[in-house]
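Thank you all for coming. Before I say anything, please take a moment to look at the sequence and the structure, and then I will walk you through the sheets and the pocket.

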Amino acid sequence: MSTVKISIVRVGPCAYDASDALGNTMRLAGSAEFDQQIRERLPDPSVFPETLPSLENSGPGFRPMALLLISLAGCSALDLGLILARQRQDVRGLTIEAEGTRVEATPAPYTHITLTFTAHGPVDPAALERAAELAVRRYCSVADSLDPKIEVTVLSLVSP
C-alpha cells in the first residue's frame, strides 16, 4: 500500500499554496466572490494582501474542481501514453481536454465529465479509441476514485 501526502498553506482569505514531498508547488484559489465574503468577515483583513503574488508559471490559482479535472485528465494521459507506446503507435503529440458539468447547488459536484483525447501523427484511430477507454475505465486511479454517479464520456480523435 502506498501513501500520498501533500500540504496546503493558507496565503490569502481564499487561496492556498499546495506542495508535495518532491517540492512541487501550485496555487489553488476560490472564486473572487468567496474571497470577498471571507475578507468581509475577517477581524483583521490586513493580514492578507489585497492581491496575491502569482507563483511562477501560474495565474491567480486553480480552483479545486478544475484540479479534479486536471488530475483525471493527467492520470488518464499517463496511462494512455503507456498503452499506445506498448502498441507501437507513432504518437507525435497528445492533447487531452476535460469538460465537467456541475449541478447548481451547494455542494456542486460534477454530474458529467467528457474527456477528449486528440493524438497527433500516424495513429490508428481504432487503437486510440480502445486505448483511451482502457486508460480511463481500467487503469486510471483518479477515475476509479470518482463517485460512480458521475457519467464519464471518452472521445478520441486523430489529427495529422
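**The pocket and the two sheets**

Let me begin with the largest pocket, where strand S3, residues 25-29, and helix H2, residues 64-86, each contribute at least two residues to the lining. Please keep in mind throughout that this is a predicted model. H2 gives the largest share of that lining, namely three residues. The volume of this pocket comes to about 420 Å³, and 16 residues line it, with Gly 30, Phe 34, Arg 63, Pro 64 and Arg 102 lying nearest its centre. If we sort the lining by class, we find eleven nonpolar residues, three polar ones and two charged ones.

Since S3 has already come up, let us turn to the sheet it belongs to, which is an open sheet of three strands in the order S1-S2-S3 with antiparallel pairing. Which strands stand at the edges of this sheet? They are S1, residues 6-12, and S3, and each has a single partner strand, so one side of each is left without a neighbour in the sheet. From one strand to the next, the twist averages 25°.

Looking more closely at the pairing of S3 with S2, which covers residues 15-20, we see that the two run in the antiparallel sense over five bridges. Along this pairing, Ala 18 stands opposite Met 26 in S3, and Ser 19 stands opposite Thr 25 in S3. The hairpin of S2 and S3 has four residues between the strands, and in this hairpin Gly 23 takes a positive phi near 90°.

Now to the other sheet, an open one of three strands, with the order S4-S5-S6 and mixed pairing. Here the edges are held by S4, residues 93-102, and S6, residues 151-159, each with a single partner strand, so that one side of each is left without a neighbour in the sheet. Neighbouring strands of this sheet are turned against each other by 15° on average, with direction ignored. Strand S5, which spans residues 110-120, pairs with S6 in the parallel sense over nine bridges, and Leu 115 stands opposite Val 154 in S6.

Finally, I would like to come back to Arg 102, one of the residues nearest the centre of the largest pocket. Its charged end sits over the ring of Tyr 110, 6.0 Å from the ring centre. As for pairs between aromatic rings, a search of the whole structure finds zero of them.

Methods: Residues are numbered from 1 along each chain as its sequence is written. This is a predicted model: local features need pLDDT of at least 70, side-chain atom pairs count only at pLDDT 80 or more; totals for chains, interfaces and linings use all residues. Side-chain values use heavy atoms; hydrogens and water are left out. On a 1 Å grid over the protein atoms alone, a cavity is a set of points where a 1.4 Å probe fits but cannot get out, and a pocket is an open set with protein on both sides within 12 Å along at least five of seven lines; lining residues have an atom within 4 Å of a point. Grid points are joined across faces, edges and corners, and a volume is the space filled by probe spheres set on the points. Ala, Val, Leu, Ile, Met, Phe, Trp, Tyr, Cys and Pro count as nonpolar, Asp, Glu, Lys and Arg as charged, and the others, Gly among them, as polar. Rings of Phe, Tyr and Trp (its six-membered ring) pair if their centres lie within 6.5 Å; planes under 30 degrees apart count as stacked, over 60 as edge-to-face and the rest as tilted. A charge sits over a ring if NZ of Lys or CZ of Arg is within 6 Å of the ring centre and within 35 degrees of the ring normal. Two strands pair if DSSP finds at least two bridges between them. Axes are lines fitted to C-alpha atoms, for helices over the stretch in contact, and angles run from 0 to 180 degrees between N-to-C directions.
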